[in-house]
8 protein chains.
Amino acid sequence: MTTPDVVFDFARAERMGLDEAVLCAGKSSGQIATILRQAQHRGVGLLLTRLSADVHATLLPEFATQIDYCGISRTGFFGPMRPVTSTGMVAIVAAGTSDAPVAREAERTLRHAGVEATVIIDVGVAGLWRLMNRVEDIRRYPVVIAVAGMDAALASVLAGLVAGLVIGVPTSVGYGAVEAGRTALNAMLASCAQGLTVCNIDNGFGAANAALRALAIASNKKDCTPWETQPSSHANS
Amino acid sequence: MTTPDVVFDFARAERMGLDEAVLCAGKSSGQIATILRQAQHRGVGLLLTRLSADVHATLLPEFATQIDYCGISRTGFFGPMRPVTSTGMVAIVAAGTSDAPVAREAERTLRHAGVEATVIIDVGVAGLWRLMNRVEDIRRYPVVIAVAGMDAALASVLAGLVAGLVIGVPTSVGYGAVEAGRTALNAMLASCAQGLTVCNIDNGFGAANAALRALAIASNKKDCTPWETQPSSHANS
Amino acid sequence: MTTPDVVFDFARAERMGLDEAVLCAGKSSGQIATILRQAQHRGVGLLLTRLSADVHATLLPEFATQIDYCGISRTGFFGPMRPVTSTGMVAIVAAGTSDAPVAREAERTLRHAGVEATVIIDVGVAGLWRLMNRVEDIRRYPVVIAVAGMDAALASVLAGLVAGLVIGVPTSVGYGAVEAGRTALNAMLASCAQGLTVCNIDNGFGAANAALRALAIASNKKDCTPWETQPSSHANS
Amino acid sequence: MTTPDVVFDFARAERMGLDEAVLCAGKSSGQIATILRQAQHRGVGLLLTRLSADVHATLLPEFATQIDYCGISRTGFFGPMRPVTSTGMVAIVAAGTSDAPVAREAERTLRHAGVEATVIIDVGVAGLWRLMNRVEDIRRYPVVIAVAGMDAALASVLAGLVAGLVIGVPTSVGYGAVEAGRTALNAMLASCAQGLTVCNIDNGFGAANAALRALAIASNKKDCTPWETQPSSHANS
Amino acid sequence: MTTPDVVFDFARAERMGLDEAVLCAGKSSGQIATILRQAQHRGVGLLLTRLSADVHATLLPEFATQIDYCGISRTGFFGPMRPVTSTGMVAIVAAGTSDAPVAREAERTLRHAGVEATVIIDVGVAGLWRLMNRVEDIRRYPVVIAVAGMDAALASVLAGLVAGLVIGVPTSVGYGAVEAGRTALNAMLASCAQGLTVCNIDNGFGAANAALRALAIASNKKDCTPWETQPSSHANS
Amino acid sequence: MTTPDVVFDFARAERMGLDEAVLCAGKSSGQIATILRQAQHRGVGLLLTRLSADVHATLLPEFATQIDYCGISRTGFFGPMRPVTSTGMVAIVAAGTSDAPVAREAERTLRHAGVEATVIIDVGVAGLWRLMNRVEDIRRYPVVIAVAGMDAALASVLAGLVAGLVIGVPTSVGYGAVEAGRTALNAMLASCAQGLTVCNIDNGFGAANAALRALAIASNKKDCTPWETQPSSHANS
Amino acid sequence: MTTPDVVFDFARAERMGLDEAVLCAGKSSGQIATILRQAQHRGVGLLLTRLSADVHATLLPEFATQIDYCGISRTGFFGPMRPVTSTGMVAIVAAGTSDAPVAREAERTLRHAGVEATVIIDVGVAGLWRLMNRVEDIRRYPVVIAVAGMDAALASVLAGLVAGLVIGVPTSVGYGAVEAGRTALNAMLASCAQGLTVCNIDNGFGAANAALRALAIASNKKDCTPWETQPSSHANS
Amino acid sequence: MTTPDVVFDFARAERMGLDEAVLCAGKSSGQIATILRQAQHRGVGLLLTRLSADVHATLLPEFATQIDYCGISRTGFFGPMRPVTSTGMVAIVAAGTSDAPVAREAERTLRHAGVEATVIIDVGVAGLWRLMNRVEDIRRYPVVIAVAGMDAALASVLAGLVAGLVIGVPTSVGYGAVEAGRTALNAMLASCAQGLTVCNIDNGFGAANAALRALAIASNKKDCTPWETQPSSHANS
């Protein structure tokens, strides 16, 4: 009855009509190759997250070349992918260049699900006029993902200026009192702007999924999830 | 140029078309009465949060009797209030009786904004069949607020069973390793179920506001927020 | 050789040409009265901090009526006091009404030293336009004390808009992820705005003293502090 | 009277009738070889834990080839080993592939003591039906070791579904609010399911030993432990 | 569909053949009376935990006099109770008098379930000979609950001397570096004695339930828990 | 075999030739009276620590009047007491008036053991000349107990100026970053002055006992502690 | 509308009349080269901070040779730089050699802005006479930056001896209770010397900027900062 | 006036009659060589601590071969050294092999000062009889240094069995709830055995210095420390 260590649940993906995501951190290239081979055999697409350049480089050429890889966000697209079906619904706003990897992970996760997001980087509040120049644009998006580290003040300011759903993603950028992102996380949770929701530190993938859940409201999908079609978890976490 | 300590910004409320909320914790009954008097004079309604029974009792009778007060959630409705304009969109699911105050704060905040939520209490995962009996109902709601303390496992389980937006609210119920809600908060943030978003500990008010932001997506309100109409902050925090 | 527990060092005050401050927290009204009596006898003035209304009420009438007491900031002026010798140099900017006690402690400490500060309350960034309406005024002050709790975003935004010295004072207002002011403290320390300096949580007294130290630069006082004239510590802490 | 740094207490093992375990973390391959040589000389078997592949590779060939090594769990069996004397008593249930090393450490520790455990991996609660499909099986085991990181919700759900002894082992898998396993640890300790006991983070070895202690109850061994036969500690920790 | 705040699930108790426990902390005497009345009506017994003397005193006389109340452990027995069916299986060993409330909570929880435990108090390791005088007795018990605060060294020493299952319960006794029991908790988790399992701080109730789960191994109850008979959670937590 | 909750081990005191100490925090006046009565019957003296004025007031008059009580240190001497046998060996140096209770607890603990210490209060480093005026005196003592809260800089400065044994006692005085004494504790542990040893926060009793242990070196007592004469622990902790 | 990841805002620098700083930590040499090229093209100078020797070595020779690089402080000057316009205004005082990198970062940041500071290293309070020999000199500076790790006692002692503005910079030097600089940070915040302000751990750059802000008071620059001339943030943080 | 980064204060050593110690962690081999050369020139001996094998290997052969290096404790003796003048006064007792580096650092520090200590390793309380076999020996020493990680129970047990001065040194050995030695540190501080003093985590050097301070009591050295002869700090920390 003892099971193997890698049990990829493609049934989940099939039942849900969603492509599956694979968290690559902590997996060997051998384990990842096993999953890719199974996906290939079934003809399903996969989103790979936290795929380091090193591990990507050690994958067999047959797989490495088939992956649309982004080194900044450490994500890969493998196999068939959805076409873009939604644009203009999600803005991803990041405070600085150092936050770009997290912002890009969110962007790529959304793209894999068919949602094209707008990304605006380097509008931290230390130079408030940068943000002010963009704020009219940002307010047009019903969902805004705010990516910021250090004091995370960008998320509070944005949530005070935008009426839509604001999803904060603290980042671990910095040192000392930054406490590896814990300060940004707490600052977002303690925000004086009401209704700001928060994801785990550096979790662009999670923020994108929260955005997808919210977009489903507008799509009136609320009744279509029978027992067999739960949203998938991050595979083999 | 020095300002008084209490500067209630009714202009905000008027510009936004939203009623204003007053965080009563840390305010004397005198300060609260000042705000109520101003609101009365302008004919605007107010949501009062964290209004303890003691402070409520010390308000002048003229105000105390005009407040629709709920002792469990420590909230009050004062003055004119919106009619219910939305039902069946938000479910509030709480793990145990001890989580009821937070769940009720969320419910009352939504009600004040015209949204009637469904509240389901005492479905913690220690007795999983209680939740399983209700899960088909819960999945019909596009927005689910999951209220849980201690291990907060309810939020993860719900986010794995529900396709809509799930907003987790950790509560401070318990002792020892509970760490006044910090454990529940971290467990929600670290959830293996993807796309779960989180609010501050015991912050039913914040979760309700996040739900209101999300519901605006469906209402197609995304373009209607010019500079003058930012979502209000918690007044005089 | 064993000393008594209360050793009030008036010599310090005399040598420095500064009035002395007494931290009343943790002292009985009897101990405070002893110090007041000694000050009276010498004809020197005192600033009393953290003097709760309860302790103030239990002081002998002879002392209680001689104290210019402020219940919000829990400070008292006793005996002779300096005239105002400086105005327009320090602005104290606070995010919300709950931050007023700390802002007022700073204001009163400065006033006791002859510096009249401007106080601006309820300009938190959740409603950014409130701050924007005041920012031109605030920038005229060479020293700005920024008082904010929760996410403390006000301090970062201010330090990004003001060229003078900005001294942040985090406050302990709030609950949960606020962590009794630790989050605001860390956020200020981790601020993306460069050159923001920080004091202990709720320490309006300390911020005022830092401002006094900075103002001495302009007054060209730098050479006038021989061995006998160190800045005093908080007496009998 | 000064002692050497490595004092391996074989007398303990002999008195107790149990094989000895060696925690290899923090020991050089030279120190480990010394212990192996002594064990070989006495003809006793050893369980090696936290033996990294690197250190394993640097052991002399004479030892490396005699070790039954498992790279996933970083454990080794050296020398004579007990036959399997118990099956069907312990289930090890892990939430995801990343938890496999800890689950396998528990499995191997039990095997070395003659207990064959059943291992079930990848049944985390994010996809609850995976667990539900296995729950009837799991309930047949009097002792269940629940291995889970992140939110550790699996342990709470299991302890609510299983009547036997449930031993939780939090793992350090993840990032950010996961806090290197501290969140999973606290969540298990704070579990709403009563009677869940917990071991240190990543401590599959400890959980297996707790299971062995519990199995002794059924074996009616309670009277057979005179002074000379204490359970051994982890040698040379 | 909205539920009331207090939903007492007697069905659980009936299905499981176990009496139900009510965590009274955070419940008003009115809420407790409601549950007692329902239990009385059904003729089932209840274990009340964390029932403070104050709340006990405010219960209606009809209930207060029917409760077998223990002020030290803050527990109450209400209604019919099981006879003692097991003795000599569980020893509860506590380091000092201050740990007695937790030890007694464990004892009373076991007694309510029909298990008579032996309680040994004031054998902390600071005076090691006190423990040594009792250790031969203690080793006869297949399950030992070790209750200790401060450095919790008693639990490590016991787990090194006893071959049975040792369940550690850290207590919150002390100040400073004690960190409200967190130090004792961590010390038990980090114990150098292998196989020590741990419960939450001050959780005598949980330790007793873990002991009951372990005793079931000896009773060969492992197959008798169909879907309807899960172990109950702490009611209405 | 079950023991009572209060087991006062007078045998310990008798064997060691030392009077016994009773930690009164967490004990009812009834429990304390029981111990006093037993001590009276045996004719032994007791040191009572952490005896609050409230509990002291509720002791029976027969006991209250026999206790030499000190409200500042919350200590009491009961029954026969040693004469002073040592002077000039221990200096207790405290930074401020707020640290006096801890300093006095150390002084009284030493006095009860026959050691007369010198106490010097209000020499914190914020006014360094106060300390400098006393440093020649302080250096004459072979053992110095340094009592300081907040930044605890006094302990580092003293350990850099004094050649004898320096025992630091951090105090919990202050707020915010003081973290209830944790900052002072860590600062002492991290001191740049080598060989500074540290006790728990506010633990004047422990520091005095460490001093007594050190003084025994000079008294050449090192051989006189057979098995029966261990130093006692704090009774019934 | 999506922006590139590196958006260097030279407009800021030009508007403010200040050279720009680039935080190199977390940037590839390619990204840094892009910024340098742009700066070169515009003819503006840059301060590079946290530029590791490794990254410096991988920059193209054309850039590496043009950078005035300091390996201790990991800073570089690139392009045109201000002449020294101020001396004798800022002293940087560090406790030990290990604090030199932070002290030198402050020195170099000031130098880049035209301020020549005096640096005094190895005057920690463990050998108080070293500091005492220098204190008359130090007191002549209107601004003192105190750099210290471990117990950070130097900052408290200095703030008690110096009347000017004292800016504390805790460093992360040490191990254990040092907690990577958190202890020094908290000790400075909790200092018994009033008016000590604090920057983030190891943030010599921030302290220098605070000093620059303070020096502006003396220069009477307070009115010259219209909207377009905010102090810059750390570029592309 | 600006000083160099390395200012070795030999005057201190000369004035005190003690050899000087150099903390090598964080110093380059170049900086260390500079100090060695100066010491050589003056003919004074040095104790080098935290000198890693790597840095030791990169020192010039002229220095490396002159250093009596111990790889376990990472200490070196350089130049002339005191003869042994004291034996039988200090016992160093360590719980396990992993604690040996810290125990050996204490031993070598004492040896450099002329004190020969006895070292006893691998007597952790998990196998209590190992300690019991040695306890009669240990009690003969007036000063006992107890080195232990994990639960640190050894220190409490020792302090309960030994009448002399017990100096606890927590070690950072272990993982998870061990929290890098913080748990052992807190457990020692919270020990139920009275009068146990504590040093920083892994600080064998500090414990040895505390022992030296205590031994001075017996040597009646108390009067011989005029202003010029303070105990040295760790050079150039």
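**Entry 1: two helices in chain G**

I began with helix α5 (residues 100-112) and helix α9 (residues 204-218) of chain G, whose axes come within 7 Å and cross at roughly 40°. The model I am looking at is predicted: local features need pLDDT of at least 70, side-chain atom pairs count only at pLDDT 80 or more, and totals for chains, interfaces and linings use all residues. Residues are numbered from 1 along each chain as its sequence is written, while chains are lettered from A and ligands numbered from 1 in the order in which they are written.

I noted what the words mean. Helices (H or I, at least four residues) and strands (E, at least two) are DSSP runs, numbered from the N terminus. Axes are lines fitted to C-alpha atoms, for helices over the stretch in contact, and angles run from 0 to 180 degrees between N-to-C directions.

The angle of roughly 40° makes α5(G) oblique to α9(G) (under 35 degrees counts as roughly parallel, over 145 as roughly antiparallel, 65 to 115 as roughly perpendicular and the rest as oblique). I also looked up the handedness: the crossing of α5(G) and α9(G) is right-handed (the near helix is turned clockwise from the far one by less than a right angle; anticlockwise would be left-handed).

Which residues of α5(G) make the contact? I found Val102(G), Ala103(G), Glu105(G), Ala106(G), Thr109(G) and Leu110(G). From α9(G) come Gly204(G), Phe205(G), Ala207(G), Ala208(G), Asn209(G) and Ala211(G). Contact here means that the C-beta atoms of two residues, placed from the backbone, lie within 7 Å.

By class, I read eight nonpolar, three polar and one charged residues in the contact of α5(G) with α9(G) (Ala, Val, Leu, Ile, Met, Phe, Trp, Tyr, Cys and Pro count as nonpolar, Asp, Glu, Lys and Arg as charged, and the others, Gly among them, as polar).

**Entry 2: a sheet in chain E**

Next I turned to chain E, where an open sheet of four strands has the order β1-β2-β4-β3, with mixed pairing. Two strands pair if DSSP finds at least two bridges between them.

Why do β1 (20-23) and β3 (67-70) of chain E have one side without a neighbour in the sheet? They stand at the edges, each with a single partner strand, so one side of each is left free of a neighbour there. From one strand to the next, the twist averages 20°.

I then followed β3(E) to β4 (residues 75-78) of chain E: four bridges join them, and they run antiparallel. One pair I picked out is Ile67(E), whose bridge partner in β4(E) is Phe78(E).

**Entry 3: a hairpin in chain D**

In chain D, I found β3 (residues 67-70) and β4 (residues 75-78) paired in the antiparallel sense over four bridges. Cys70(D) has Thr75(D) of β4(D) as its bridge partner. These strands form a hairpin with four residues between them, and Arg74(D) in the turn has a positive phi of about 55°.

**Entry 4: two domains in chain A**

Last, I checked how chain A is divided: domain 1 is 10-81 and domain 2 is 86-218, with bounds that come from an automatic or database domain assignment. Their centres, taken over C-alpha atoms, are 26 Å apart.

How many residues of domain 1 of chain A are in contact with domain 2? I read nine, against eight residues of domain 2. On the domain 1 side, β2 (46-49) and β4 (75-78) of chain A are the elements that give two or more residues. That side has five nonpolar, three polar and one charged residues.
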